[in-house]
Amino acid sequence: MQKRPEEKPRIMAPEPALRIIMRGLREIMSDKADGQSRLDRIVHQIAGVMVAEVCSIYLKRRDGSLELYASEGLKPEAVHKTRLNRNEGLVGRCAEQALPINEPDASSHPAFSYRPETGEEAYHSMLAVPVMRSSKVVGVLVIQNHTRREYPEEDVEVLQSTAMVVAELLASGGVAGSEADIELQRAGSAVIKAQKLADGIALGHAVLHEPRIVVTNLLAEDSTVELARLEAALSRLRRGIDDMLSNERLSAAGEHHDVLEAYRMFAHDRGWEHRLRGAVHDGLTADAAVERVQNATRAKMLRQIDPYWAERLRDLDDLSDRLLRILAGRADQHGHLENLPDDTILIARTMGPAELLDYDRTKLRGLVVEDGSTQSHVAIVAKALGIAAIGQAHRIVEHVSDGEAVIVDSEAGVVHLRPTSDVIAAFQDKVRFRAKRQERFHSLRNLPSVTRDGKRVSLMLNAGMLVDIPHLEESGAEGIGLFRTELQFMLAERLPRLNRQIQAYKSVIEQAKGHRVIFRTLDVGGDKVLPYLHRMPEENPAMGWRAIRMSLDQPALFRTQIRALLRAHCGRPLSLMVPMLTAASEMDDIRELIDKEMEHARRHAHPLPASMSIGAMLEVPSLLFELDKVMEKTDFISIGSNDLLQFLFATDRTSGQVARRYDVLSHAPLRALISVFEAGRRNNVPVTVCGEMAGTPIEAMALVGLGCSSLSMAASSIGPVKAMVRSLPAGVLARELPGWIEDDSVDVRAALTQFATDHDVEI
Ligand code: PEP
Ligand code: MG
């Protein structure tokens, strides 16, 4: 190699070093040569322009090690011989952390790995940058010099930009040869532990909800044009965020607002803009400039341990993604709505229920989000659509690319990325097994829901959207035991007016084709937020201004809904129930409002429903001590076990950490339930259960054992619960169960499980 004296002036302005390197790289690529000779010329070229005595490229092999693929300055015999294990030496560390390493005295660094075949101990300073493509490290580009010095920031940036180009050349197959055992796009398999949002197993291919742009055009033909593109994209980005912030609907929603404020702050950040312009001045396209600055942010993100700042850097990362989409002309495109694969697994940082409904249901198999809880709205919609969904999948968006194979296993709460063929085969088996089970449940569809000893148990459906209604026929449910009307409100842009509500309820009634539908009046508040409804922030929203508390304080909202329900039911029987009743006396206030609406309908000569049945949900423990009084005032009771247990145990139902801590089948809740069923019999008032408990076979078995003859659940639970009912000797259980519940020393869940085994009950 030809040595360059240290004092030789660096070629900088007026022509930036990067541009010279880029020109050289273009020439190299246009010459006919094999991959290895091109790589050799590339390192030679970079070393020359950067006045480095050594320039080397290490490429990541499929086993994770790094192989020296080309070098200017290190001993030639080391090329293809030197291999560094994962995380070995400074080069390995650079790859592992995806961070540049700038060391004035590399050979005395504790992490330095001495490889005699390279002869690199003679060089003190070292600058190593990761070669990355689509957020994955595929190699490391290194320069070294004799003298001890820290490389200036400009050198780091130039080498990073060069590494981006090298990554592109590698991906195009133009260097290193296609036979090389190196890892380019493909990272290995990975398993991410997360939380189930909606039941199911799905095999398919990733579609990023916010598509990540792969920048392939890196070198600017004309920097002035690129600067103009950057300016235009930045102002569009800023305008978009300003618009969102001034949008009244969103600015009312606290969390959204904070995120957008942070976005706005970053979008107007001068330092960010300065760095972007600097990269364009260096000869990059606007897109490549955004990517280079984004890579630097990512590097900082990885180093950041303060969660607050890590989150802010993530905002900035997200902003860069948006800017890239604007530059690529794909700003308005969500997850390529048009060309979805038939087995789409949607991957998103966050997703609202309405956004999910924008996708073609027939192509969706699964959903993975980085946030979300079982009770989140998107989870409710995913359940309704029947797709497997997983939440709390930490930073999954960074780990997966469009089109990669993904398996969502919400039974186990894991996501498999790029699964190997044997994992795929195992899951295909599992899916076949589940399908068989489903088939069996399906075959029960038209059989009566009667216990082995002849007791009828009515099985109803929980629903909330029109897409739920076909499940009535498919599952063989008797009717809809809980229609969550708030979903229509949550999905709407603004408060649905009377006519819209009438239309919505009419469609439900028509599609239910004569099956009974119990409409629950608006249950908003708590975690169910209507973004257009202004409300005071609350410390404890689950116990705050929600459900009928809101209805009673703001009767106009409630009365409009009742008016819509009355009008939609003209000449038909209407069943409605109110959520979160806390005191029996509230039922009088509710009835008074309903009476007013009946009166209004009569005055305006609107035909009335053929009959009306008004129920109350038992969700607040205080009602347990007023059972006779509340039953006097209601036509039926529906136990909302999700809320009832949350308040009985003082255990937040949305918190994964505590939600499973207390057993539904333990003495306290079962004793409470006994008192409700007894009161129902005493007062001749039907009692149903419509919380999650009703849809779990063993828990449903306990309810039937306590005398409950009506259960309402998600469509997917109807089959398994019917199988349990049809195999249950209810009378035998009814005789034994009260004794277990009375006896503090009995583990009731264990006793029920044993009973199921002894009597061949399918649970
Ligand atoms: C319940 O609380 O059990 C219930 C069915 O209502 P929701 O889940 O909608 O709060
Ligand atoms: Mg509830």
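**Exercise 1. Locate Pro116 and Glu120 and describe the burial of each residue.**

*Solution.* Step 1: Pro116 is situated in the loop that connects strand E4 (101-103) with strand E5 (125-133). Here helices (H or I, at least four residues) and strands (E, at least two) are DSSP runs, numbered from the N terminus. The model is a predicted one, in which local features need pLDDT of at least 70 and side-chain atom pairs count only at pLDDT 80 or more, while totals for chains, interfaces and linings use all residues. Residues are numbered from 1 along each chain as its sequence is written, chains are lettered from A and ligands numbered from 1 in the order in which they are written, and side-chain values use heavy atoms, with hydrogens and water left out.

Step 2: The relative accessible area of Pro116 is 46%, and the residue is partly exposed. The classes are buried (under 20% relative accessible area), exposed (over 50%) and partly exposed in between, with a 1.4 Å probe and protein chains only.

Step 3: Glu120 also belongs to the loop between E4 and E5, but with a relative accessible area of 5% Glu120 is buried.

Step 4: Consider the distances to Lys75. From Pro116, Lys75 is 41 residues away in sequence and 9.7 Å away in space, C-alpha to C-alpha. For Glu120 and Lys75, 45 residues apart along the chain, the C-alpha separation is 8.3 Å.

Step 5: Leaving aside residues up to four places away in sequence, Glu120 touches Leu74, Phe112, Ser113, Met126 and Gln144. A contact means heavy atoms within 4.5 Å.

**Exercise 2. Trace the strand pairings that involve E9, E10 and E11.**

*Solution.* Step 1: Begin with strand E9 (residues 201-208). Of its 8 residues, 7 are buried, so E9 is largely enclosed by the rest of the structure.

Step 2: E9 runs antiparallel to strand E13 (residues 405-409), and 5 bridges join them. Two strands pair if DSSP finds at least two bridges between them. In this pairing, Asp409 of E13 stands opposite Ile201.

Step 3: E9 is also joined to E10 by 4 bridges, and these strands run parallel. Leu208 has Ile347 of E10 opposite.

Step 4: Strand E10 (residues 344-348) is in turn linked to E11 by 5 bridges in a parallel arrangement, with Ala348 opposite Val369 of E11.

Step 5: Strand E11 (residues 364-369) has 5 of its 6 residues buried, so E11 is likewise largely enclosed by the rest of the structure. E11 runs parallel to strand E12 (residues 388-391), with 3 bridges between them. Val368 has Ile390 of E12 as its bridge partner.

**Exercise 3. Describe the second largest cavity and its lining.**

*Solution.* Step 1: The structure contains 7 cavities of 30 Å³ or more. A cavity is a set of points, on a 1 Å grid over the protein atoms alone, where a 1.4 Å probe fits but cannot get out; lining residues have an atom within 4 Å of a point. Grid points are joined across faces, edges and corners, and a volume is the space filled by probe spheres set on the points.

Step 2: The second largest cavity encloses about 130 Å³. Its lining comprises 14 residues, of which Glu210, Asp318, Asp321, Arg349 and Val397 are the closest to the centre.

Step 3: Helix H10 (307-327), E10 and helix H13 (396-399) each give two or more residues to this lining. H10 gives the most, with 3 residues.

**Exercise 4. Determine which residues of helix H28 are buried and what covers them.**

*Solution.* Step 1: In H28 (residues 748-758), the buried residues are Val748, Ala751, Leu752, Phe755 and Ala756. Viewed down the axis of H28, these fall within an arc of 140 degrees, so they line one face of the helix. The arc is that of the directions from the helix axis to the C-beta atoms.

Step 2: Their cover includes helix H24 (667-683), helix H25 (697-705) and helix H27 (730-742). Exposed Thr757 and Asp758 are on the face turned away from the buried side of H28.

Step 3: Examine the ends. Asp747 caps the N-terminal end of H28, with a side-chain oxygen 3.2 Å from the backbone nitrogen of Arg749. Just after H28, Asp760 adopts a positive phi of about 55 degrees.

Key
Polar contact = N/O pair within 3.5 Å; in protein donor to acceptor, adjacent residues only side chain to side chain. 1 Å grid on protein atoms, 1.4 Å probe; cavity = no way out; pocket = protein on both sides within 12 Å on 5 of 7 lines; lining within 4 Å.
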